[in-house]
Amino acid sequence: MIAISTALNGILLGGLYALYGLGLSLTFGIMRTVNLAHGDVIVLATYLSLLTTQILGFTPLMSLVVLVPVMFCIGYGLQRLVLNRTLKDGMMPAVIITFGLSFVIQNGLLLGFSADRQVLRQGAVETMGVTLAPGLTLGLFPILTLGVLLVLIFALQAFMGRTLLGRAFRATSDDPNTAELMGIDGRKIYGLAMGLAFAIIAVTGVIMGIRSNFSPFDGPARLIFAFEVIIIGGMGSIYGVLAGGLILGLAQTIGGAISPTYFQLAGHLATLGILAVRPSGLFPETIEKG
Amino acid sequence: MSENRSEIEPRPPMTAAPYAREAHVALPLVLLGAVLVALVSLPFWGDGSLQRTALEFFYFLALAQAWNLMAGYAGMMSIGQQAFVGIGAYSLVVFAEDLGLNPFLTIPLAAVVAMILALPSSWLLFRLKGAYFAVATWVIAETVRLAVNANIDWLGGGRGRTVRSLGQFDRHLREDLGYYAGLALALIAVFGVFFLLRSKTGLALQAIRDTENGARAVGVETRRTKRIVYLFAAAIAGATGALIYIVQINVRPDAAFSINWAAYVIFIVVIGGIGTIEGPILGTILFFVLRDLLEGLEAWSMLIFGLIAIVMMLFAPKGIWGVMNAHRPVPLFRTARKLPARFKADEGEA
């Protein structure tokens, strides 16, 4: 029974990790660069939700009505006003700029909200459990998280596969120069992709804040989890994110069941193991161009 | 076509001095001599706090040169050099505490250990490119940190260990030895990079920096060249790690493997000027000045460092040294090669 419970909890934790990875996978798939502030942006979204609940009296989930458009605009603005300026110089400027941004966000949050750990209060749903069998109870909210993840993944897949804008996204990802010749404004596509990623991050941030407490310096660990999800699942693949999240979640819970100090270590070792045997992940979709 | 064919006919042999050599070659030498005399004699005329600041300057300079060689020349954006700083620190613990070696002797040993451990990690990392390489270096650093953290019996776990054997030295002797070790390390880093860049490997590196695929096309062994650079940078970081904890004595995994080592070094190279030897030197000086100005501001200072890095990348991606050299270049370390005369035939301003 302990084994089943460990496995199920690993899968549910994996749902959260896949959410971390989803936004990062989207931007990597299209812009081919990693936003090193990804984790800090998740934490920023959590704090913005906290602020909304305090000022407007919303519940954290209600705050998404405000948060999703706001985060979309922040992401769009960041890409169009800052990151797009450095496109022609390769990936290094974007990496350094987002690394700098990571320190700006962490310390800005520290100045604004102090280092105390906070939590988003959604009410009873946080602690409710679902009993599957005697001695096997799973948290309701982690199950809901997995549901949200699946909805987002299917919606994103449908958007990419079925809509005109999604096709423009894929075209820009495959070959930005040729896409440009077909009348697609690559800079705008990059802006929209970052905006969309930030909108997904808004949802991720609120869910993270309800599930656990948080502090201004929690971002880097989230970035690493998100990155590991993509390394395991395969670059640029949306379904790969799901697989990557589940494997990382399982690895951590199994490691943690052996000894609490092995919790994160097991996840890192699983990632490095995948990297050793399948360098482009389990389900790679984008091909790394030289 | 006939013109081209005549080019293939006997060529003038490569000149003995392929480096651009102009009138002001004396300036860098005089400057270097003066700085060296000042630094070597510093313990005799400077006070303790100046000496400690200078030592800190040396190890940031060594780390910055090593990182710049990796990122600026070989295109390997690492944010995981703290792995080797920490490995150097724990080499000190193991060699000096467990095996009873002289702590100062552990500095070169730490470099060797870091290099040996860098080899397997390069097998994993070199499968990745660009931004993925960057995050993967960090994952490896985190993995090592957590592995050390979990190792309570031997390495002290999260609480770390203290290098007690440093107590055998008188405090002044320890500080002076540390200072000269730091000076030697900084000089090895600066001139190691300098001579590496002037060697055949350096030519390959500068070709990789300009265009990696082009370099491979003309027969540069890019992977081997990158591995040499990666191992060199790991060795420097390892030696630096041992040196830092000879001064600080208490080795804790969270501090020794802190991402801040990478962050400060990236900041230094970005403000100074990436892809030059002078850039990291200038950057380290600017970093110390800025840190002094922002002292006591804690969170604000880190926020300002982050903002400066962003602004520099947007408006002066070649750093302050690049801005200073934009119109009339005065290179102190000559690593750029002079174009042989036969390539200048059509004056294409190549």
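Biologist: In this predicted model, how many residues does the contact take from chain A and how many from chain B?

Modeller: The model is a predicted one, and two residues are counted as in contact if their C-beta atoms, placed from the backbone, lie within 7 Å. On that criterion the contact takes, from chain A and chain B respectively, 38 residues and 35 residues.

Biologist: Which helix gives the most to the side of chain A that touches chain B?

Modeller: At least two residues of that side are supplied by each of α4 (92–113), α9 (219–233) and α11 (263–277) of chain A. By class, the side of chain A that touches chain B holds 24 nonpolar, 10 polar and four charged residues. The helix that gives the most to this side, with 14 residues, is α4(A).

Biologist: Why is α2(A) described as largely enclosed by the rest of the structure?

Modeller: Helix α2 of chain A covers residues 38–56 and reaches 27 Å from its first C-alpha to its last, close to the 27 Å expected at 1.5 Å a residue. After α2(A) comes Gly57(A), with a positive phi near 75°. A residue is buried if 20 or more other C-beta atoms lie within 10 Å of its own, and the helix is largely enclosed because, of its 19 residues, the number buried is 15.

Biologist: What percentage of the contacts in chain B between residues at least 6 apart in sequence join residues at least 24 apart?

Modeller: Chain B has 350 residues, of which 42% are buried, and its secondary structure comes to 16 helices and two strands. Among its contacts between residues at least 6 apart in sequence, the share joining residues at least 24 apart is 79%.

Key
Residues numbered from 1 in each chain as written. Chains lettered and ligands numbered in written order. Predicted model: local features only at pLDDT ≥ 70, side-chain atom pairs only at ≥ 80, totals over all residues. Helix = DSSP H or I, 4+ residues; strand = E, 2+ residues; numbered from the N terminus. Nonpolar A, V, L, I, M, F, W, Y, C, P; charged D, E, K, R; others polar. Buried ≥ 20, exposed ≤ 12 C-beta atoms within 10 Å, placed from the backbone. Expected span 1.5 Å × (residues − 1).
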